[in-house]
Amino acid sequence: MGERIRDTRTLCLHMARQKRYFRVNEPVHATARGGNRTAIFRHGFDKRKYLQRFALVAEQEKVEIHGYCIMDNHVHWLLVPTTENGLARLFLRVHTWWAQYFNKLADRSGHLFQSRFHSCLLDSAHYFAAMRYIDLNPRAANLVKDPAHFEFSSARAHLTLHPDPFFLLM
């Protein structure tokens with residue numbers, strides 16, 4: 001019958017991470033948060049630097065970017081991975097780099113992000129609901145009245161049809 005596990009700490013040591021469920025060429029809403037709701041960006045320069053790296057690595061890992069919103073303590077993405085490991089590798093590469101960069105600048109150590117990124121698969125009915133939620137996030141947080149005025153979101157490109165400054169949005 002196997003060895004009896006005496007406490008939850010032992011159980012956690014023996015459990016493997018669950019594999020993320022997604023499909024190649026199907027959209028996902030992905031989020032990541034700062035640990036204890038701490039800020040993961042100090043100002044606009046940080047957000048621009050993060051977005052530039054995200055764009056570069058997303059292209060390398062063949063992940064399409066359909067929408068995004070970068071807040072001070074969390075990020076939202078609407079992404080379509082076109083390879084089996086692209087999504088996981090994208091977040092691993094970008095968030096490892098960002099945590100090291102941020103920790104060095106802020107003279108801190110330890111985990112920056114709350115945990116691994118969270119993602120959920122979207123069907124066609126939920127795709128536009130997720131896009132709307134992502135693009136309206138700054139307004140819901142009372143940062144702007146008009147989401148098109150928020151610099152670190154795909155809302156401007158979606159609402160005004162002007163090109164996004166960071167990504168070729170799909």
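Histidine 29 has contacts far along the chain in this predicted model. Leaving aside neighbours within four places in sequence, histidine 29 touches His76, Trp77, Leu78, His118, Ser119, Cys120, Leu122, Ala130, Tyr133 and Ile134. The residue itself sits in strand 1. Is histidine 29 buried or exposed? Its relative accessibility is 12%, so it counts as buried; the cut-off for buried is under 20%. One polar contact deserves a look. The side chain of histidine 29 meets the side chain of histidine 76 at 3.0 Å.

Now step back to the whole chain. It has five helices and four strands. Along the sequence, they follow the pattern α-β-α-β-β-α-β-α-α. Of the 170 residues, 43% count as buried. Take the contacts in the chain with a separation of 6 or more. Residues 24 or more positions apart account for 71% of them.

Next comes the nonpolar interior. The largest nonpolar core holds 44 residues. Which of them touch the most other members? They are Tyr50, Leu51, Phe54, Ile70, Trp77, Leu79 and Phe167. Several elements give two or more residues to this core: strand 1 (28-33), helix 2 (44-60), strand 2 (63-70), strand 3 (74-81), helix 3 (86-105) and helix 4 (124-140). Helix 3 supplies the largest share, eight residues. Trp77 ties this core back to the opening site: it is among the core members that touch the most others, and it is also in contact with histidine 29.

Phe167 leads on to open space. This core residue also lines the second largest pocket. That pocket holds about 200 Å³ of space. Its lining consists of Ala55, Ala58, Glu59, Lys62, Val63, Glu64, Ile65, Thr82, Phe166, Phe167, Leu168 and Met170. Helix 2 and strand 2 each supply at least two of these residues. What is the chemical character of the lining? Eight residues are nonpolar, one is polar and three are charged.

Lys62, one of the lining residues, has a backbone feature to check. Its phi is near 60 degrees, a positive value in a residue other than glycine. Where is lysine 62 found? The answer is the loop between helix 2 and strand 2, the two elements that each give at least two residues to the pocket lining. Lysine 62 has a relative accessibility of 49% and therefore counts as partly exposed. The upper limit of that class is 50%.

Leucine 161 also has a positive phi, near 65 degrees, and again the residue is not glycine. It lies in the segment after helix 5 (155-160). Its relative accessible area is 74%, so leucine 161 is exposed.

The last stop is enclosed space. How many cavities of 30 Å³ or more does a search of the whole structure find? There is one. The largest cavity has a volume of about 40 Å³. Around it stand Tyr68, Phe150, Glu151, Ser153, Arg156, Ala157, Pro163, Asp164 and Pro165. Five of the lining residues are nonpolar, one is polar and three are charged. Among these residues, Arg156 and Ala157 fall within helix 5 (155-160), and Tyr68 falls within strand 2 (63-70). Strand 2 thus appears in three places: it gives residues to the core, to the pocket lining and, through Tyr68, to the cavity lining.

Notes
Residues are numbered from 1 along each chain as its sequence is written. This is a predicted model: local features need pLDDT of at least 70, side-chain atom pairs count only at pLDDT 80 or more; totals for chains, interfaces and linings use all residues. Side-chain values use heavy atoms; hydrogens and water are left out. A nonpolar core is a set of buried Ala, Val, Leu, Ile, Met, Phe, Trp, Tyr and Cys residues joined through side-chain atoms within 4.5 Å. Buried means under 20% relative accessible area, exposed over 50%, partly exposed in between (1.4 Å probe, protein chains only). On a 1 Å grid over the protein atoms alone, a cavity is a set of points where a 1.4 Å probe fits but cannot get out, and a pocket is an open set with protein on both sides within 12 Å along at least five of seven lines; lining residues have an atom within 4 Å of a point. Grid points are joined across faces, edges and corners, and a volume is the space filled by probe spheres set on the points. Ala, Val, Leu, Ile, Met, Phe, Trp, Tyr, Cys and Pro count as nonpolar, Asp, Glu, Lys and Arg as charged, and the others, Gly among them, as polar. A polar contact is a pair of N or O atoms within 3.5 Å; within protein, one must be able to donate a hydrogen and the other to accept it, and residues adjacent in sequence count only if both atoms are side-chain atoms. Contact means heavy atoms within 4.5 Å.
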